[in-house]
Amino acid sequence: MPERINRIKEVLVIKGISQKELAVKMDRNPNTITSICNNKSQPHLKDLKRIAQILDVDIRELLVSTKI
């Protein structure tokens, strides 16, 4: 199981936006967004910034905290 690094899937649910909607707004393949949401791959920083803008959240809300 891949390490959980991002919270994008959780934030999408909170914001009421589907992965397919995000894919359309990002002009990305829906499979790419699914892979990112399931932590199988991670977005490039510029894509992470774009996701934060689309979801109207601080970019830090999309990442799992590293605080112990």
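Helices here are DSSP runs of H or I with at least four residues, and strands are runs of E with at least two, numbered from the N terminus. Axes are lines fitted to C-alpha atoms, for helices over the stretch in contact, and angles run from 0 to 180 degrees between N-to-C directions. The model is predicted: local features need pLDDT of at least 70, side-chain atom pairs count only at pLDDT 80 or more, and totals for chains, interfaces and linings use all residues. Residues are numbered from 1 along each chain as its sequence is written, and side-chain values use heavy atoms, with hydrogens and water left out.

**Helix packing**

Helix α1 (residues 8-15) packs on helix α4 (residues 45-55) at an angle of about 15°, and their axes are 11 Å apart. The angle makes α1 roughly parallel to α4, a term for angles under 35 degrees. From α1, the contact (heavy atoms within 4.5 Å) uses Ile 8, Val 11, Leu 12 and Lys 15; from α4, it uses Leu 48, Ile 51 and Leu 55. By class, six of these residues are nonpolar, none is polar and one is charged. The nonpolar class is Ala, Val, Leu, Ile, Met, Phe, Trp, Tyr, Cys and Pro; Asp, Glu, Lys and Arg are charged, and the others, Gly among them, are polar.

**Nonpolar core**

A nonpolar core is a set of buried Ala, Val, Leu, Ile, Met, Phe, Trp, Tyr and Cys residues joined through side-chain atoms within 4.5 Å. The largest one has 17 residues, and those with the most contacts inside it include Ile 8, Leu 12, Ile 51 and Leu 55. At least two residues of this core come from each of α1, α2 (19-26), α3 (30-37) and α4. The largest share, five residues, is supplied by α4. Beyond its neighbours within four places in sequence, Ile 51 is in contact with Ile 8, Leu 22, Met 26 and Leu 62.

**Residues outside the helices**

Buried means under 20% relative accessible area, exposed over 50%, and partly exposed in between (1.4 Å probe, protein chains only).

| Residue | Location | Relative accessible area |
|---|---|---|
| Asn 6 | segment before α1 | 3%, buried |
| Asn 39 | loop between α3 and α4 | 10%, buried |
| Asp 56 | segment after α4 | 65%, exposed |

Apart from its neighbours within four places in sequence, Asn 6 has contacts that include Asn 39, Pro 43 and Leu 62. Asn 39 is not a glycine, yet has a positive phi of about 60°. Asp 56, also a residue other than glycine, has a positive phi near 55°.

Definitions and conventions. Angles under 35 degrees count as roughly parallel, over 145 as roughly antiparallel, 65 to 115 as roughly perpendicular and the rest as oblique.
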